[in-house]
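This report covers the aromatic contacts and the pockets of one structure. The sequence and the model are shown first.

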Amino acid sequence: MGIFRRLLLTALCAGLLAGVFVAVLHQTATVPLISKAEMFEQAEHAAGAAMHEHQDAAATAHGHEAAWAPEDGLERDLYTVAADLLAGIGFALLLAAAIAVRGGEPGWRGGLLWGLAGFAVFTLAPAIGLPPETPGMAAAPLDARQLWWLVTVAATGGGLALIVFTRRPLYAVLGLLLMVLPQLYGAPRPAGDARGMVPEALEHRFVAAVIVTSLLFWAVLGAATGGFYRRFAPQAWH
């Protein structure tokens with residue numbers, strides 16, 4: 001039970017620390033940009049409201065309701081913070097488990113490297129084909145994007161492991177090829193020349209803000225996970 005206790009304590013402490021950190025970043029860096037993008041999205045919806053008025057009325061008559069969403073303001077902020085905390089704990093548990101399987105006591109410096117690897121796998125590689133999207137941006141079907149994201153994450157993680165944890169050049173070449181294949185195949189794209197109402201400048205600012213925020217999150221998460229993993233070593237409990 002010692003290893004499970006160690007993993008759990010590490011994930012809780014590191015995840016909460018990184019979750020609070022990234023929640024502050026989101027409120028100051030990305031949420032204002034999302035709010036601006038939603039203004040354009042709402043304007044687009046308002047322009048087509050008259051066209052869909054009959055369909056909306058028919059849907060209401062048949063008992064269909066609009067999808068639930070948290071109210072703007074405090075309720076929405078609380079849900080965002082809760083999601084950040086849960087994501088922090090979940091990713092910290094993933095990092096701690098990977099460290100345990102690999103073995104050793106990385107400390108915060110080694111944990112930082114693990115965090116940067118997590119950033120490369122979960123943010124950087126998928127963002128090459130599917131940049132972060134604001135509300136109102138044109139996008140390919142959700143199922144296709146989710147599948148490509150999962151394949152890219154798995155291929156990047158596996159390829160990175162082959163490069164870092166093996167000593168044979170052939171494995172390193174295979175790892176690099178594995179990382180490149182999803183990018184060569186290409187991410188799903190919107191049909192035709194579809195484009196949302198959000199200005200390109202706002203899209204670019206949002207992409208940059210999300211990527212930088214994610215980099216800082218993974219750096220803090222990795223360093224904290226490595227540090228707490230060493231702190232909660234079994235001999236430290238005696």
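The structure, a predicted model, holds seven aromatic pairs. A pair of aromatic rings is described by the distance of the centres and the angle of the planes. Two of the pairs in this structure are described here. Phe-217 and Trp-218 form an edge-to-face pair, with 5.6 Å from centre to centre and 70° between the planes. Both Phe-217 and Trp-218 are buried. Phe-228 and Phe-232 form a stacked pair, with centres 6.0 Å apart and planes at 15°.

The two rings of the stacked pair fall into separate accessibility classes. Phe-228 has 24% relative accessibility and therefore counts as partly exposed, since buried means under 20% and exposed over 50%. Phe-232, at 14% relative accessibility, counts as buried because its value is under the 20% cut-off.

Phe-217 and Trp-218 also belong to an aromatic cluster, whose other members are Phe-91, Phe-122 and Trp-149. Another aromatic ring, that of Tyr-229, has the charged end of Arg-6 over it, 3.6 Å from the ring centre.

The pockets come next. The two described here are set side by side in the table.

| Pocket | Volume | Lining residues | Nonpolar | Polar | Charged |
|---|---|---|---|---|---|
| Largest pocket | about 1200 Å³ | 34 residues | 18 residues | ten residues | six residues |
| Second largest pocket | about 420 Å³ | 16 residues | 13 residues | two residues | one residue |

The largest pocket has a volume of about 1200 Å³. Among its 34 lining residues, His-26, Pro-132, Glu-133, Phe-206 and Val-210 are the closest to the centre. Two or more lining residues come from each of helix 1 (2-47), helix 3 (74-102), helix 4 (107-129), helix 5 (142-165) and helix 7 (200-231). Helix 3 gives the most to this lining, with eight residues.

Which residues lie nearest the centre of the second largest pocket? They are Trp-114, Ala-117, Val-121, Leu-160 and Phe-165, out of 16 that line this pocket. Helix 3, helix 4 and helix 5 each supply at least two residues of the lining of the second largest pocket. Helix 4 has the largest share there, six residues. By class, this lining has 13 nonpolar residues, with two polar and one charged.

Definitions and conventions: Residues are numbered from 1 along each chain as its sequence is written. This is a predicted model: local features need pLDDT of at least 70, side-chain atom pairs count only at pLDDT 80 or more; totals for chains, interfaces and linings use all residues. Side-chain values use heavy atoms; hydrogens and water are left out. On a 1 Å grid over the protein atoms alone, a cavity is a set of points where a 1.4 Å probe fits but cannot get out, and a pocket is an open set with protein on both sides within 12 Å along at least five of seven lines; lining residues have an atom within 4 Å of a point. Grid points are joined across faces, edges and corners, and a volume is the space filled by probe spheres set on the points. Helices (H or I, at least four residues) and strands (E, at least two) are DSSP runs, numbered from the N terminus. Ala, Val, Leu, Ile, Met, Phe, Trp, Tyr, Cys and Pro count as nonpolar, Asp, Glu, Lys and Arg as charged, and the others, Gly among them, as polar. Rings of Phe, Tyr and Trp (its six-membered ring) pair if their centres lie within 6.5 Å; planes under 30 degrees apart count as stacked, over 60 as edge-to-face and the rest as tilted. Buried means under 20% relative accessible area, exposed over 50%, partly exposed in between (1.4 Å probe, protein chains only). A charge sits over a ring if NZ of Lys or CZ of Arg is within 6 Å of the ring centre and within 35 degrees of the ring normal.
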